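Look at the fold below before you read on. Turn it slowly and follow the chain from one end to the other.

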Amino acid sequence: MARDQRPRSGAGRPGEATEAPAPRCCGCRFPLLLALLQLGLGLAVAVLGFVMARISSSLLLRDTPFWAGILVCLVAYLGLFMLCVSYQVDERTCIQFSMKLLYFLLSALGLMVCVLAVAFEAHLYSQLSQFSCETTPDACQCKLPSSEPLSRTFIYRGVPGCDSITGTFKLFLIIQIVLNLACGLVCLIACFVMWKHRYQVFYVGVRMCSLTMSQRQQ
């Protein structure tokens with residue numbers, strides 16, 4: 001009887017590890033869920049931040065964290081380009097390594113920026129909860145309750161009434177806190193996935209076993 005001479009699947013030379021195919025999503029070489037979540041959440045944070053900035057011209061930059069959304073959007077665009085075009089587990093060129101390193105660092109930076117935005121928004125929300133406000137012509141004056149005669153006064157100009165600050169703006173702050181927490185979590189997961197997919201794979205045991213078997217055969 002003639003033996004089948006065709007190579008069997010999984011057979012190879014000793015010491016050679018078969019490379020598993022990269023996971024695909026929508027035809028790409030990496031799941032796009034994280035990058036798409038970064039893009040959607042970043043756009044939501046940026047748009048809501050610009051809407052909050054239009055409420056009053058006296059709001060500080062830290063009170064309207066559109067800057068956090070813009071950074072997360074940039075990270076998402078880089079991730080979409082890298083994951084859809086040139087993503088590989090083992091880097092073949094310096095460009096691929098540079099893009100993966102830049103995506104990892106920007107995701108880590110996005111995580112820190114989102115946490116910073118959450119801290120700013122939470123602090124401002126706690127202040128607004130203690131404000132006693134009164135409406136003046138084309139402005140809203142808010143003051144923290146204090147026993148001292150000279151307590152700090154916050155003036156928000158360009159608002160029709162104090163309800164825009166104590167009502168609508170407070171609601172936007174809660175939404176911003178939730179969105180920035182979600183952005184930070186997605187950036188953290190993206191950093192973990194990039195590290196795990198590249199470095200949490202160990203071939204040392206397989207290589208040592210193959211060398212031991214070859215030495216025994218000799």
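This report goes from the whole fold to single helices, then to the surface and a pocket.

**The whole fold**

The model is predicted. The protein has five helices and three strands. Read along the sequence, their order is α-α-α-β-β-β-α-α. The protein has 218 residues, and 35% of them count as buried.

**Helix α1**

Helix α1 covers residues 33–53, which makes 21 residues. How far apart are its end C-alpha atoms? They are 30 Å apart. At 1.5 Å a residue, the helix should span 30 Å, so the model agrees with the expected value.

Many residues of α1 can be checked for burial. The buried ones are Leu34, Ala35, Gln38, Leu39, Leu41, Gly42, Val45, Ala46, Leu48, Gly49 and Met52. Look at the spacing of these numbers. An α-helix has 3.6 residues a turn, so residues three or four places apart point the same way. Try tracing Leu34, Gln38, Leu41, Val45, Leu48 and Met52, which are among the buried residues of α1.

Take valine 45 as one case. Valine 45 sits in helix α1. Its relative accessible area is 1%, under the 20% cut-off, so valine 45 counts as buried. Valine 45 and cysteine 114 are 69 residues apart in sequence, yet their C-alpha atoms are 9.9 Å apart in space.

**Four residues to compare**

Here are four other residues, each with its place and its accessibility.

| Residue | Where it is found | Relative accessible area | Class |
|---|---|---|---|
| Tyrosine 77 | helix α2 (residues 66–86) | 47% | partly exposed |
| Leucine 101 | helix α3 | 40% | partly exposed |
| Threonine 136 | strand β1 | 23% | partly exposed |
| Aspartate 138 | loop between β1 and β2 | 57% | exposed |

Why is threonine 136 called partly exposed? Its value is 23%, and the class runs between 20% and 50%, so threonine 136 falls inside it. Aspartate 138 has 57%, which is over 50%, so aspartate 138 counts as exposed.

Two of these residues also have a computed distance to a partner. Tyrosine 77 and tyrosine 103 are 26 residues apart along the chain, with 9.7 Å between their C-alpha atoms. Threonine 136 and isoleucine 155 are 19 residues apart along the chain, and their C-alpha atoms are separated by 9.6 Å.

Now return to the loop. It joins β1 (132–136) to β2 (139–143), and aspartate 138 is found there. Aspartate 138 has a positive phi of about 60°, although it is not a glycine.

**A nonpolar patch on the surface**

Which residues make the nonpolar surface patch? They are Phe97, Leu101, Phe104, Leu105, Phe192 and Trp195. The patch has an area of about 570 Å². Helices α3 (94–128) and α4 (163–199) each supply at least two of its residues. Helix α3 gives the most, with four residues. Leucine 101, from the table, is one of the patch residues.

**The second largest pocket**

Next comes a pocket. The second largest pocket holds about 180 Å³ of space. Its lining includes Ser58, Leu60, Arg62 and Asp63. Phe120, His123, Leu124 and Gln127 are also among the lining residues. So are Arg152, Phe154, Ile155 and Tyr156.

Which elements supply at least two residues each to this lining? They are α3 and β3 (153–157). Helix α3 gives the most to the lining, with four residues. Isoleucine 155, the partner of threonine 136 in the distance above, is one of the lining residues.

**Putting it together**

Helix α3 comes up twice. It gives the most to the nonpolar patch. It also gives the most to the lining of the second largest pocket.

Technical notes
Residues numbered from 1 in each chain as written. Predicted model: local features only at pLDDT ≥ 70, side-chain atom pairs only at ≥ 80, totals over all residues. Heavy atoms only, no water. Patch = residues over 30% accessible without salt bridge, like charges linked within 9 Å, V, L, I, M, F, W, Y side chains within 5 Å. Areas by Shrake-Rupley, 256 points an atom, 1.4 Å probe, with all protein chains shown as cover. Salt bridge = Lys/Arg side-chain N within 4 Å of Asp/Glu carboxyl O. Buried < 20%, exposed > 50% of the residue type's maximum accessible area, 1.4 Å probe, protein only. Expected span 1.5 Å × (residues − 1). 1 Å grid on protein atoms, 1.4 Å probe; cavity = no way out; pocket = protein on both sides within 12 Å on 5 of 7 lines; lining within 4 Å. Points joined across faces, edges and corners; volume = space filled by probe spheres on them.
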